[in-house]
Number of protein chains: 2
Amino acid sequence: MKKKPTMQDVAAIAGVSTATVSNVINNTKNVSEGTKRKILEVIESLDYIPNNLAKSLKMRDTKLIGLLISDIANPFFPPVVRGIEDSLAENGYNLILCETNSDSNLERENLRVLLSRRIEGLMVSLAGSEESHFENIDTPLVFFNRVPVSDQYNKVQVKNFKAAYVGTTHLIGHDYKRVAILAGPQHLNVGRDRLFGYKEALLESGREVDSNYISIREFTVAEGYQGMKELMNQDPKPDAVFTSNNALTLGAFQFLKDAGYRIPQDIAFLGYDDTQWATIVDPPISVVRYPMYEMGQAIGAMIIGLVRSRGQEPSRTIAFEPELVVRKSCGC
Amino acid sequence: MKKKPTMQDVAAIAGVSTATVSNVINNTKNVSEGTKRKILEVIESLDYIPNNLAKSLKMRDTKLIGLLISDIANPFFPPVVRGIEDSLAENGYNLILCETNSDSNLERENLRVLLSRRIEGLMVSLAGSEESHFENIDTPLVFFNRVPVSDQYNKVQVKNFKAAYVGTTHLIGHDYKRVAILAGPQHLNVGRDRLFGYKEALLESGREVDSNYISIREFTVAEGYQGMKELMNQDPKPDAVFTSNNALTLGAFQFLKDAGYRIPQDIAFLGYDDTQWATIVDPPISVVRYPMYEMGQAIGAMIIGLVRSRGQEPSRTIAFEPELVVRKSCGC
DNA sequence: CGCTTCGTGTTAATCGTTTAAATCGATTGT
DNA sequence: ACAATCGATTTAAACGATTAACACGAAGCG
């Protein structure tokens, strides 16, 4: 692990100054063919690779963007991150990934580290309802997925309200009488908005909102399983259910299978977020879904735009439309 | 987006030298209570965050580790990356993520960028069979998943041969007569080794290797679908199949469902890599699986170890054992 | 009293780049 | 013939931290 060669070394061997070396590397000034060739030879022979730390320090840019999410193993994130990465790579930026495990304290710590690394922009899916640590940072910021309410921020969202509204309306439209929902934590925008959408759909079609058919749960598979079980303990049982998150969908479906319920005869089922498995299970699951890869691209493009415009632009919000994919698990 | 305060600023306002400021920040020398408090106050009031670029430049370390994979959206990676991240975070390192899209040229380019960022270590799942660009880099290096053959490198692998061997043996043991395999690209170690394991299992139990029951495919869902279709066109049809990768598993299962085959009556099915959906489909799929999160942790721990020991240690290989999870899709 | 020791702080060089300003021949125009 | 111009290159000052070496007054000691 010997010391890496520097621009000094290259310059000395080539018999020129570092300024000239810098100029051939960056094509920033005319350098005569002769010396240029000589320098390139030396670079090659030394395996010289410029030190970007020094460059960044001097230039005050790092081409580094931070990503702060709860858990990459949550199936929602991978396609989104892929889109982000593609978008950043296209523009010569690199991604530095931090996971918060949905812990706001970890989030705050990671934020400090990222800022000390002088990231040029940051993309965040909030860990929890705490968001004060983002208040006065002067680095371009884009929230996505779990976003703060304040509209002083840039956001890339999905239309959570609409997703639940459309899903629930579809179930009502197919004449299910007792439509239940597995809802998420109410301190998260994604939890709240989806529940509102569900309620609104019921009210608009003249139904009553019956709290017995609302189960508020953490976004985990185990909670989905348990929540579904409790919903099926109601009397009368619900005849349709909307599960408002991918983990809840998985858990709920699991329970219904285990307990021997027939879908959609005993209960109609509408899930959240698509996966290739959704078409394979029996019956294929209807879902409300979003174009995750495209969302990722949009997030990446937005942060790049902000970096380029030095954060001068007013805050924007992009909201993606939900798509209802009807398969066999509910009326069609 | 005003200029960020520097240590100079802090020092000037607090009426001390930068040396002293540095010393209170890093707890590296005795500083009297009074001045320490004063300095901390100034830091607080300025929202001063140290510039890690400068620190890294001077200290010659970045606490940055690179990760080079083909595609985070491949379901194999997320749990592994989670394990890696946890392991790195525990030791104060950050992760910089690059995707190669299985393109060796992109891989080489990304490698250069990462090296110029002076990452302290690099973890790689190879893009293809080209690996020469890793030959002379003097940065600690760990390969995983898709690894080079040479044992001059550090690797965290799975026992690919054994996985296929155990799986195939299980199928043979349950008296299936015509065991087929959906195998992967033969220029990748993971493709080759799994096919070898399959063949070896057949030979050892006195069976013949029949190339009609071997379909060599790219690792994609579409190829799995197509490959399974062709296998079922053989006469006589195979009565069992081992799909040697998660995407192939998905595609093959999809085809069998679509075509109306009954599992395991018409054909026994053994998949690769576990997912929560595997227990939900009908019938629940038997699989050969690995502890992905733990593998990630091991990868992270290994690279940290190498960084700490300055790469003095001899090359090591850790190989994880496959686990056979028997569900309803094949003899049990 | 003179000498060492100790606790606090400061000075200034350094890490590896970039770049404005300066330098230096050679060429050009009149 | 002489100033002006031009192209190629060098000089040297940043960027924002760390840290060895040093400075200085107070305290300890025989």
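Two chains and DNA strand D

Of the atoms of DNA strand D within 4 Å of the protein in this predicted model, 72% belong to sugar or phosphate, and the rest belong to bases.

Me: What makes S22(B) a polar contact of DNA strand D?

Reply: A polar contact requires a pair of N or O atoms within 3.5 Å. A polar side-chain atom of S22(B) lies 2.5 Å from a phosphate oxygen of the strand, so the pair satisfies that limit. The backbone can serve too: a polar backbone atom of S17(A) is 2.8 Å from a phosphate oxygen of DNA strand D.

Me: Which part of DNA strand D does the side chain of K58(A) approach?

Reply: A polar side-chain atom of K58(A) lies 3.1 Å from a base nitrogen of the strand. With a limit of 3.5 Å, this pair therefore counts as a polar contact.

Me: Which residues and helices surround DNA strand D?

Reply: There are 27 surrounding residues, and the closest are S17(A), T20(A), R60(A), M7(B) and S22(B). The helices α2 (18-26) and α4 (52-59) of chain A, together with α2 (18-26) and α4 (52-59) of chain B, each supply at least two residues of this surface. By class, the surface holds 10 nonpolar, 11 polar and 6 charged residues.

Me: How do you know that chain A and chain B are related as by a two-fold rotation axis?

Reply: A turn of 180° and a shift of 0.1 Å along the axis lay chain A on chain B with an RMSD of 0.1 Å. The two copies are therefore related as by a two-fold rotation axis. The same surface serves both copies, for 100% of the contact residues of chain A recur in chain B.

Me: Why is the pair R82(B) and D71(A) called a salt bridge?

Reply: The term requires a side-chain nitrogen of Lys or Arg within 4 Å of a carboxyl oxygen of Asp or Glu. The side chains of R82(B) and D71(A) meet at 2.6 Å, N to O, so the pair meets the criterion. Between chain A and chain B the count is 6 salt bridges.

Me: What area do chain A and chain B bury between them, and which residues of chain A lose the most?

Reply: The two chains bury about 5,600 Å² between them, with 59% of it on carbon and sulfur atoms. In chain A, the residues that lose the most area to chain B are L53(A), R118(A) and W277(A), together 14% of what that side buries. The contact takes 57 residues from chain A and 57 residues from chain B.

Key:
Residues numbered from 1 in each chain as written. Chains lettered and ligands numbered in written order. Predicted model: local features only at pLDDT ≥ 70, side-chain atom pairs only at ≥ 80, totals over all residues. Heavy atoms only, no water. Least-squares fit on C-alpha atoms with pLDDT ≥ 70 in both. Contact = heavy atoms within 4.5 Å. Near = heavy atom within 4 Å. Polar contact = N/O pair within 3.5 Å; in protein donor to acceptor, adjacent residues only side chain to side chain. Helix = DSSP H or I, 4+ residues; strand = E, 2+ residues; numbered from the N terminus. Nonpolar A, V, L, I, M, F, W, Y, C, P; charged D, E, K, R; others polar. Buried area = accessible area lost by both parts, 1.4 Å probe.
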